[in-house]
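I opened the coordinates today to look up a few points before going back to the bench. My notes are below.

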Amino acid sequence: MEILVCVKRVPDTAENEIEVRSDGTDIERDDLVYSVNEWDNYAVEEAIQICDKVGGSVTIVTVGDEESEEVVRREMAMGADKGVLLSDDAFIGSDGKGLAAILKAEIQKSSYDLVLTGALADDGASQVGGMLAAILDWPYASVVNYIEVLDDTKIKVSREIEGGNQEMNEIELPCVLSIQTGINEPRYVGIRGIRKVASIEIPVHGAADLGISRDSVGTAGAIVKRVDYFVPELGEGAEILEGSLDEIAEKLIELLKAKGGIK
Amino acid sequence: MAQQLFAYIGHKNGVADDSAMELVTAAGKIYPDASVTAVITGSGAELDSVSNAVAASYPEVWKFDNAALAYPNGEVLRNFLVNSIPAGAIILFAHDTLGMDLAPGLSIKLDSAFVPDAVDIEGVEGNDLKVIRQEYSGMASTHVRCDISNGVVITCRPGSFQPDESKSAAGQIVDKSAEVGDLSAKRRFLEVVAAEVGDVDITKADVLVSVGRGIEDEENIEIAEELAQTIGAVVSCSRPIVDAKWLEKSRQVGTSGQTVKPKVYLALGISGSFQHLGGLKGSPFIVAVNKNPKAPIFQVADVGVVQDLLEFVPALTEKIKEG
């Protein structure tokens with residue numbers, strides 16, 4: 001099974017407080033810690049486990065600037081065979097459809113049976129996987145939390161739907177799946193793992209390599225555009241309890257008693 | 001000229017999803033005077049009862065009855081909608097697991113724009129629709145503009161649009177079943193496997209002590225368990241705790257877990273994603289403990305404690321024990 005996993009370099013929201021710049025043009029990026037989008041780790045782990053069972057190879061791809069190379073390498077260190085970086089000034093500002101078009105061009109240079117993405121990333125859009133499948137005219141399943149390879153032509157997948165129920169489907173290959181967290185336990189990548197892949201060359205493909213016209217992607221080709229970032233006017237929000245740890249605890253106990261929170 | 005507006009109505013067991021009434025509101029924010037058509041797919045008596053109920057809120061209801069549409073397979077529905085929706089239309093879906101499954105690809109097939117997970121809509125200016133979205137788990141909001149002259153597919157976040165309960169549409173139900181075309185797809189729905197039932201039923205608890213990523217380590221779950229024991233509560237959690245296998249799935253609060261209706265909800269180290277809050281109903285008294293003052297949970301909580309829960313919660317438990 002030839003598997004491509006699409007990953008994204010994102011600000012690590014567990015490590016950072018996200019602040020909006022005062023002019024609204026972006027978030028404050030100066031001291032941000034970046035990492036691989038959490039969902040993508042599960043997708044890479046799943047791809048590696050499938051290949052361990054049925055054979056094949058795993059390729060990691062991302063669309064981004066040169067700094068995105070580090071996330072490709074980090075995911076390769078998990079045990080993927082190849083990596084490729086899709087990078088070009090013309091790609092900057094792409095909307096979901098633009099990203100899907102860029103990925104499609106790379107996919108059509110090879111012969112993949114399965115393409116995985118994370119179910120969600122930092123922009124909360126959950127869109128590129130479904131758009132990519134539609135552009136390729138391949139079947140798609142989203143929020144997948146179980147995969148079983150049936151034979152060379154089809155796989156069985158479970159989608160995690162509302163209420164924690166599982167929707168079982170049989171889907172033909174080639175297909176695109178978006179992977180939900182919890183499908184597996186992504187392996188730990190240590191310094192030694194990173195070192196092993198440190199010297200592997202990661203090819204960079206731009207618009208010309210992919211045969212993409214420069215004005216069909218990026219800001220020029222985007223139909224959907226982010227105008228600005230802002231911090232929403234909140235309602236009242238929570239009453240924040242102030243004071244020493246002791247004083248806060250005392251206030252909270254009184255409130256909990258009044259609301260029936262302490263039996 | 002205003003474009004044709006459609007809303008796809010999800011339903012279960014003969015009852016329309018809550019989002020059905022929310023999409024009426026969302027559509028009204030695009031074109032205040034628009035006549036919105038509800039699109040309902042399914043089969044038999046369940047479909048009829050949903051169509052009748054929805055007609056109270058939508059001036060027109062297109063009903064598509066076919067045994068192959070009895071379960072909403074996203075792949076089948078996408079192919080079907082491509083053939084059934086006129087070019088250039090505006091189509092609304094709920095941003096739920098069905099909407100996420102079929103809407104992005106539908107926009108490609110219709111060659112229209114796509115706006116996922118809208119939390120508010122500001123209206124249309126020229127060819128541009130203006131929408132509000134959120135990024136970074138709700139820590140930043142964005143204004144988004146998109147050219148809708150070729151139509152647009154929008155998924156609306158459940159719970160973000162006030163449901164329109166006016167029920168004054170007295171809509172007409174149009175049976176379009178004869179127009180159902182080819183329903184073949186390369187993905188076959190097999191069955192729904194119900195979530196496992198756990199040892200505790202968090203849906204029946206009056207007081208929940210709920211833990212999230214801020215608990216940091218499996219061993220620290222004890223801190224929550226001890227507080228729960230002391231105040232007579234039950235321990236629940238958010239998704240990352242289940243992903244890490246620190247607690248069983250049946251304890252997860254959220255759209256992909258359980259829907260709970262406690263009187264008091266203590267959210268410990270939970271950031272408060274909309275997927276988590278979607279499982280919290282009945283307006284409980286919410287206490288949030290989180291060391292990040294920007295955590296979205298503080299927007300919905302009644303009382304907030306900006307402290308490291310690993311320090312604060314043991315101190316709180318100790319104090320309650322002292323009486």
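These entries cover the core, two helices, strand pairing, a cavity and some backbone oddities, all in a predicted model.

**Core**

I began with the largest nonpolar core, which has 50 residues. A:Val115 and B:Phe93 have the most contacts inside this core. I then asked which helix gives the most to it. That is α4 of chain A, residues 128–136, with 6 residues.

I listed what B:Phe93 touches, leaving out residues up to four places away in sequence. Among them are B:Tyr8, B:Leu23, B:Leu81, B:Leu102, B:Leu106 and B:Val153. The list also includes B:Gly99, B:Thr155 and B:Cys156.

**Helix α4 of chain A**

I checked how far α4(A) is covered, and 8 of its 9 residues are buried. They are A:Val128, A:Gly129, A:Gly130, A:Met131, A:Leu132, A:Ala133, A:Ala134 and A:Leu136. Which elements cover them? From chain A, the cover includes α3 (96–107), β6 (114–118), β7 (140–149) and β10 (175–179). Chain B adds its own α4 (97–109) and β7 (113–118) to that cover. After α4(A) comes A:Asp137, with a positive phi near 65°.

**Helix α2 of chain A**

I looked up α2(A), residues 69–76, in the same way. Its buried residues are A:Val71, A:Val72, A:Arg73, A:Glu75 and A:Met76. I noted that A:Arg73 and A:Glu75 are on that list, and both residue types count as charged. The cover over the buried residues of α2(A) includes α1 (38–54) and the strands β2 (9–11), β3 (34–36), β4 (57–63) and β5 (82–86), in chain A.

**Strand pairing**

I followed β10 of chain B, residues 140–147. Strand β12 of chain A, residues 224–230, runs antiparallel to β10(B) and is joined to it by 6 bridges. In this pairing across chains, A:Asp228 has B:His143 as its bridge partner. Within chain B, β9 (128–135) also pairs with β10(B) in the antiparallel sense, over 8 bridges. B:Glu135 stands opposite B:Ala140 there. β9(B) and β10(B) make a hairpin with 4 residues between them, and B:Tyr136 in the turn has a positive phi of about 50°.

**Cavity**

How many cavities of 30 Å³ or more does the whole structure hold? The search finds 1, and the volume of the largest cavity is about 30 Å³. Its lining comes from chain B and includes B:Ile85, B:Pro86, B:Ile91, B:Leu110, B:Ser112 and B:Asn150. By class I have 6 nonpolar, 3 polar and no charged residues in the lining.

**Backbone oddities**

I kept the general expectation in mind: most residues other than glycine have a negative phi, and most peptide bonds are trans.

- The bond joining A:Leu173 and A:Pro174 is cis, with omega about -5°. A:Pro174 sits in the loop between β9 (166–172) and β10 of chain A.
- B:Asn13 is not a glycine, yet its phi is positive, about 50°. I find B:Asn13 in the loop between β2 (11–12) and β3 (15–16) of chain B. Buried or exposed? B:Asn13 is exposed, with a relative accessible area of 68%.
- B:Ser283 is not a glycine either, and has a positive phi of about 45°. Its place is the loop between α7 (274–277) and β17 (285–289) of chain B. B:Ser283 counts as exposed because its relative accessibility is 72%, and the cut-off is over 50%.

How values were computed. Residues are numbered from 1 along each chain as its sequence is written. Chains are lettered from A and ligands numbered from 1 in the order in which they are written. This is a predicted model: local features need pLDDT of at least 70, side-chain atom pairs count only at pLDDT 80 or more; totals for chains, interfaces and linings use all residues. Side-chain values use heavy atoms; hydrogens and water are left out. Buried means under 20% relative accessible area, exposed over 50%, partly exposed in between (1.4 Å probe, protein chains only). Helices (H or I, at least four residues) and strands (E, at least two) are DSSP runs, numbered from the N terminus. Contact means heavy atoms within 4.5 Å. On a 1 Å grid over the protein atoms alone, a cavity is a set of points where a 1.4 Å probe fits but cannot get out, and a pocket is an open set with protein on both sides within 12 Å along at least five of seven lines; lining residues have an atom within 4 Å of a point. Grid points are joined across faces, edges and corners, and a volume is the space filled by probe spheres set on the points. Two strands pair if DSSP finds at least two bridges between them. A nonpolar core is a set of buried Ala, Val, Leu, Ile, Met, Phe, Trp, Tyr and Cys residues joined through side-chain atoms within 4.5 Å.
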